[in-house]
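Trainee: I'm new to this one. Could you show it to me and let me ask how the labels are earned?

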Amino acid sequence: MTAAITFDNLSKVYGRGRNAKSALKGISFEVQPGEIFGFLGPNGAGKTTAIHVLLDFLFPTAGRALIFGIDSSDPQARRNVGFLPEVFAFDGFLTGRRFLKLFDRFGDKRRIERAGLIAELLQFLDMSDAADIRIKRYSKGMTQKIGLAQALAGDPKLLVLDEPTSGMDPVAKAKIKQLFLKLKSEGKTIFLSSHILADIEDIADRVAIIHHGELLAVDRISELQAGRASEGCTIVFSGDSPQLINEINTRAETEQDDSRVTVTCRDRASKEFVLQKIMASGGDIIKVTPVGSSLTSHFLKIVSQEKLADD
Ligand SMILES: Nc1ncnc2c1ncn2[C@@H]1O[C@H](COP(=O)(O)OP(=O)(O)O)[C@@H](O)[C@H]1O
Ligand SMILES: [Mg+2]
């Protein structure tokens, strides 16, 4: 299957001579069709640069980027792409609805069908009322929603979104996540960048982590989550055998509440020990929850390990 996005040993150096700044240092990875793919990294990591090369706003210094197998320098590559830039300015005199109508002309759909889709999208984004107000009156979150709707106009197969949820309140963020999952179910591919892991961890299938222009990891979110489970957990079980609790206390901390016991295990070894003891004594395990290391701290760990290697 042709990848939706291919970054092939992509490098970008801004400026030259003493002012040269190496923003991308040979990154390679692929995004498969139908994936929600998170492009993660702290500010200044090189995310926007990579996206701008992908969309042919910038020349690569070396390597290449492809969209559905077509080199980014070929305008055909962008035929099936909707884009939300990180920083964008609209003509504030237009209302949200007029603005979307303008953009929607680029798609292949018939006018009547398009008007229906726009109305549906505005309603989904809770923007039906705001749609007839001028964009210059919009809050940051509302502007971002209209920007997203603009990326969807024309019904593209691939969405490239640079920090799409920045500036949005939690309610809007949740709504947008729902929209992404809906789009995925329709077979779209979504490539979104973020410096906030929590904003993408529950919707992305995979993530690429980039830092100082280098690709540090490409991981399936489920694998990252499995990794964090091994670092520690709480176990809740029912059963109040004092002998069992004494045994558990040698390797973990317990807290008792009626017949329920909550055990905090610091590492994998302790988790395995405790689970075995509970099962051997016939206790009933109610819940095992990973704690101690969120995906965010995993991300920070990867980034800081790289930093240490730098020093
Ligand atoms: N036009 C430019 N000229 C020189 N350096 C730039 C330019 N644009 C970005 N950079 C630098 O390249 C690096 C990557 O920036 P960027 O791609 O915007 O990162 P991100 O989107 O991950 O925050 C940063 O160090 C930034 O300062
Ligand atoms: Mg950026």
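Mentor: Sure, let's go through some labels and the values behind them. This is a predicted model, where local features need pLDDT of at least 70, side-chain atom pairs count only at pLDDT 80 or more, and totals for chains, interfaces and linings use all residues. Residues are numbered from 1 along each chain as its sequence is written, chains are lettered from A and ligands numbered from 1 in the order in which they are written, and side-chain values use heavy atoms, leaving out hydrogens and water.

Trainee: Why is glutamine 150 called buried?

Mentor: Buried means under 20% relative accessible area (1.4 Å probe, protein chains only). Glutamine 150 has 12% relative accessibility, so it counts as buried. This residue sits in helix H4 (helices are DSSP runs, H or I, of at least four residues, numbered from the N terminus).

Trainee: And what does glutamine 150 touch?

Mentor: Setting aside residues up to four places away in sequence, Phe83, Phe99, Leu100 and Phe103; contact means heavy atoms within 4.5 Å.

Trainee: What makes H7 and H8 roughly antiparallel?

Mentor: Helix H7 (residues 242-249) and helix H8 (residues 268-280) pack at about 170°, with axes 10 Å apart. Axes are lines fitted to C-alpha atoms over the stretch in contact, and angles run from 0 to 180 degrees between N-to-C directions. Over 145 degrees counts as roughly antiparallel, so H7 and H8 get that label.

Trainee: Which residues meet there?

Mentor: Leu244, Glu247 and Ile248 from H7 meet Phe273, Val274, Lys277 and Ile278 from H8.

Methods: Helices (H or I, at least four residues) and strands (E, at least two) are DSSP runs, numbered from the N terminus. Angles under 35 degrees count as roughly parallel, over 145 as roughly antiparallel, 65 to 115 as roughly perpendicular and the rest as oblique. Buried means under 20% relative accessible area, exposed over 50%, partly exposed in between (1.4 Å probe, protein chains only).
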